[in-house]
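Biologist: Hello! Could you take a close look at the place where the two halves of this protein meet, and walk me through it in plain terms?

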Amino acid sequence: MHPTLTIAIKAARKAGDIILRYHNQIDILTIENKAANDFVSEVDKAAEDAIIDELKYAFPDHSILGEENGKILGDERFQWIIDPLDGTTNYLHGFPQYSVSIALYIDNEARHAVVYDPFKEEMFTASKGDGAYLNEQRIRVSNTRGFENTLIGTGFPFKAPQHLDAYLAMFKTIHPQVSGIRRAGSAALDLAWMAAGRMDGFWEIELNIWDIAAGALIVREAGGFIGDFSGRGKYLETGNVVAGNEKVFKEILKAIHPHLTADLQR
Ligand code: IPD
Ligand code: CA
Ligand code: CA
């Protein structure tokens, strides 16, 4: 395993320990509302601080972008992107589907990624060119050949209600063609689960870069495809994400295309 990935895993475990320490005591947490339906607790912040401490110790010169702290400036070539707790709403309800997401981009290219589910003790990892793993076992995307018999992941645009009509139209097109659609509540984990073949595809509108930076590499290293709503590579900028095995990726793009408003055509 690449030594940089080892550090990222260590940082994710530290954050995971903090998250688990409080998961039975959610009622004592102070919860702030960052924006409509956007919550943060001191667990998110403590977990992010623990990750930053670990990364800064190992790589004092690197830049770090964290959801809660914003950008810590350093050498721009080395950019860590972290979401200390992806699935905060789940966490605050004791719904055990949440994760720690950590990625390193070098010269704007994803190189190392970790998505860690501390509750289920599942560590999804990838380094560019080395494949994707779940607890050190190689994972691959599913090999379904279209929408038939597939399970598709998604997220609702609850922070961007202006897209709800377009989203529901996409949903109505996809829903009758597949076996099921799941909204599990942690986009980073959705991508990791898809990479492990537990779901066949995924789409969501307006995610943040820290929701997808790690999951995207895990998907690609598992043989999957990820893109923006035109199927190209601008998903980190737009936050509009489609992912899947090759066939399902294409099916989702085809299904959502008629419902793309001007705002979503990117
Ligand atoms: C959220 C989760 C969720 C997605 C939201 C994200 P957070 O991240 O990834 O699945 O639907 O758009 O904001 O706020 O829990 O870190
Ligand atoms: Ca997130
Ligand atoms: Ca978060």
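**Where the domains meet**

Modeller: Happily! Between domain 1 and domain 2, 11 residue pairs are in polar contact, with both residues at pLDDT 80 or more (N or O atoms within 3.5 Å, where within protein one must be able to donate a hydrogen and the other to accept it, and sequence-adjacent residues count only through two side-chain atoms). This is a predicted model, in which local features need pLDDT of at least 70 and side-chain atom pairs count only at pLDDT 80 or more, while totals for chains, interfaces and linings use all residues. Residues are numbered from 1 along each chain as its sequence is written, chains are lettered from A and ligands numbered from 1 in the order written, and side-chain values use heavy atoms, without hydrogens and water.

Domain 1 covers 3-138 and domain 2 covers 151-265, bounds that come from an automatic or database assignment. Their C-alpha centres are 21 Å apart. Domain 1 brings 39 residues to the contact and domain 2 brings 24 (contact means heavy atoms within 4.5 Å). Together the domains bury about 2,300 Å², of which 63% is on carbon and sulfur atoms (accessible area lost on being put together, with a 1.4 Å probe, summed over both parts). Of the area that domain 1 buries against domain 2, Asp86, Gln97 and Phe124 supply 22%, more than any other three residues.

There is also 1 salt bridge between the domains (a Lys or Arg side-chain nitrogen within 4 Å of an Asp or Glu carboxyl oxygen). Glu122 and Arg198 meet in a salt bridge through their side chains, at 2.8 Å from N to O.

On the side of domain 1 that touches domain 2, strand 5 (75-86), strand 6 (99-106), strand 7 (109-117), strand 8 (122-127) and strand 9 (132-134) each supply at least two residues; strands (E, at least two residues) and helices (H or I, at least four) are DSSP runs numbered from the N terminus. Strand 7 gives the largest share of this side, 7 residues. By type, the side divides into 17 nonpolar, 11 polar and 11 charged residues (Ala, Val, Leu, Ile, Met, Phe, Trp, Tyr, Cys and Pro are nonpolar, Asp, Glu, Lys and Arg charged, the others, including Gly, polar).

Looking more widely, the salt-bridge count comes to 10. One of them joins Asp107 to Arg77, with the closest N and O atoms 2.9 Å apart. Asp107 sits in the loop between strand 6 and strand 7 and Arg77 in strand 5, so this pair ties together parts 30 residues apart in sequence.

Conventions. Buried area is the accessible area (1.4 Å probe) that two parts lose on being put together, summed over both.
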